[in-house]
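Grab a coffee and open the viewer. Below are a few exercises, each with a solution worked through in steps.

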Amino acid sequence: MRNLAVRADRIDADISALAALTDPGRPWTRRAFTPRFAEGRSFLERAMTAAGLETRIDAAGNLIGRRRGDGGKPGTILVGSHSDTVPDGGRFDGIAGVVAGLEIVRALRDRGITLAHDLEVIDCLSEEVSIFGVSCVGSRAAAGVLSPAWLDRTADGLSLRAGIAAVGGDPDRLALAVRDDLRAFLELHIEQGPVLEAEQRDIGIVTTIAGITRVEIRVEGRADHAGTTPMTARADALVAAAALVLDVRALALALANRGPGHFAATVGEFRIEPGAANVVPSSARLLIDARAEHRPDMVAFLDQLAIRAAAVAGGHGVHIPTPDLVSDNHPTPADPALLDEITAAAETVGVRHRRMASGAGHDMAWFARVAPAAMVFVPCRGGRSHNAEEWAESDAIALGTEVLFETILRLDRGV
Ligand code: HGY
Ligand code: MN
Ligand code: MN
């Protein structure tokens, strides 16, 4: 393996500095649209400026640092990820990718390299599902697909429109954030799964980001006295919903085991009414998060789910309206030419690599709509993420950063 141009110590310092900006007693929490998030943004702006970047906030609230090239090649190379976290999340999810972009800029400066392309580093606004119940706000806007209707979604007395304005965006002129100038979008991210660590690989070259589909199912039973209503005369919404939860797991297991593509489904939200010990539950609401690397698997899951819902309704004497497709995004393939460039870069750097799908959603999925886009994974301990135990070694992040650094040099020398 060659001497790296990037430095793990600087990566470590940035990640540690950002980790310190967390809600006290809730490591690690820096939710989008909060004062804590603004503190993180201030740190990143200072670090971008210190690295020689011209910073701006685009109309969608994305923080962007620009490094001008010598004008020899058209199109901007954009590298980055997100700095917001889930509640009680980790220090690396998203953050590693923004810091990797920063470190690439510092390494170019250290080596006195001026690119032919302009290069930008981005911290995308609100990649995680935010208080407004939506995710990837900044990257959807960059792709021109942020629904204007979302701007009126409110939470904690704030609208998404006001939230974007509060971070410096211009929500009534989102069109200004749409990117039609990109040569490529590149993202480094922790794997958030166990494969790279188990196989002792240094990086994963992501071929596809799984499609994410969210389905809401309501179960309408009948509230009754828990003590007097005979067991055979109930319309218990919770019992029916519980049967459906087990069906979701069984369907997902069958699809995941059928292979070869990645499939997962989770009932991440579950609520019953009225929620009293001595009342037979009258209603239940399930929100299912399903992920499929191959679209036919998701179609099969949705078809089978509808059949199971009807069967459960009949079997438990409850009413289950047609499941509501809250969101339904197809799988996003990475750009094949970029995959080859990353693979060649990984060989040049001398790291152990493999191609793999992503079960997690990422900003790259939205940039892929407006530019050639790809991403690399670095291993994280035990594959754990979205919790305080999330951990990735700075040396591992540095290897992935070096591969992106080399990829950018290859793109810049190429067409
Ligand atoms: O939900 C996801 O897949 C990502 O962590 N936002
Ligand atoms: Mn995440
Ligand atoms: Mn992420």
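A nonpolar core is a set of buried Ala, Val, Leu, Ile, Met, Phe, Trp, Tyr and Cys residues joined through side-chain atoms within 4.5 Å. Keep in mind that this is a predicted model.

**Exercise 1. Find the residues of the largest nonpolar core that touch the most other members, then say which element gives the most to this core.**

Step 1. Start with the 76 residues in the largest nonpolar core; L119, L186 and I397 are the ones that touch the most other members.

Step 2. Now go by element: α3 leads here, giving ten residues to the core.

Step 3. Zoom in on L186 and skip its neighbours within four places in sequence. Its contacts then are L78, V79, G80, L338, I342, A374, L404, T407, I408 and L411.

Step 4. Don't stop there, as another core of 29 residues lies apart from the largest one, with V248, F263, F301 and L302 among its members.

**Exercise 2. Work out which residues coordinate the manganese ions (ligand 3 and ligand 2), and which residue bridges them.**

Step 1. Take ligand 3. This manganese ion is held by H82 (NE2), D93 (OD) and H189 (NE2), at 2.1 to 2.3 Å. Read along the sequence, the spacing of these donor residues is H-x10-D-x95-H.

Step 2. Use the elements. D93 sits in the loop between β3 (76-82) and α3 (95-110) while H189 belongs to strand β7 (residues 182-190), so this pair ties together parts that are 96 residues apart in sequence.

Step 3. Move to ligand 2. Here the coordinating residues of the manganese ion are D93 (OD), E128 (OE) and H386 (NE2), at 2.1 to 2.2 Å. Their sequence pattern reads D-x34-E-x257-H.

Step 4. E128 is in the loop between β4 (118-124) and α4 (137-142) and D93 in the loop between β3 and α3, so these two tie together parts that are 35 residues apart in sequence.

Step 5. Spot the shared name: D93 bridges the manganese ion (ligand 3) and the manganese ion (ligand 2), which lie 3.5 Å apart.

Step 6. Check burial. D93 and H189 are both buried, and E128 is buried too.

**Exercise 3. Is V137 buried or exposed, and what is it in contact with?**

Step 1. Locate V137 in helix α4.

Step 2. Its relative accessibility is 0%, and the cut-off for buried is under 20%, so V137 counts as buried.

Step 3. Leaving out neighbours within four places in sequence, V137 has contacts with L125, S126, L146, L160 and I164.

Step 4. For a long-range pair, try V137 and D363: 226 residues separate them in sequence, yet C-alpha to C-alpha they are 9.1 Å apart in space.

**Exercise 4. Hunt down the backbone oddities: which peptide bonds are cis, and which residues have a positive phi although they are not glycine?**

Step 1. Recall the background: most residues other than glycine have a negative phi, and most peptide bonds are trans.

Step 2. P27 and W28 are joined by a cis peptide bond, with omega about -15°; W28 is in the loop between α1 (8-19) and α2 (35-50).

Step 3. G259 and P260 are also joined by a cis peptide bond, with omega about -5°. P260 is in the loop between α7 (237-258) and β10 (263-273).

Step 4. For positive phi, look at F33, at about 70°, in the loop between α1 and α2. Q192 has a phi near 60° and is in the loop between β7 and α6.

Step 5. Finish with burial: F33 is buried at a relative accessible area of 12%, and Q192 is buried at 18%.

Definitions and conventions. Residues numbered from 1 in each chain as written. Chains lettered and ligands numbered in written order. Predicted model: local features only at pLDDT ≥ 70, side-chain atom pairs only at ≥ 80, totals over all residues. Heavy atoms only, no water. Donors = N, O, S within 2.8 Å, 3.2 Å for Na, K, Ca; no water. Helix = DSSP H or I, 4+ residues; strand = E, 2+ residues; numbered from the N terminus. Buried < 20%, exposed > 50% of the residue type's maximum accessible area, 1.4 Å probe, protein only. Contact = heavy atoms within 4.5 Å.
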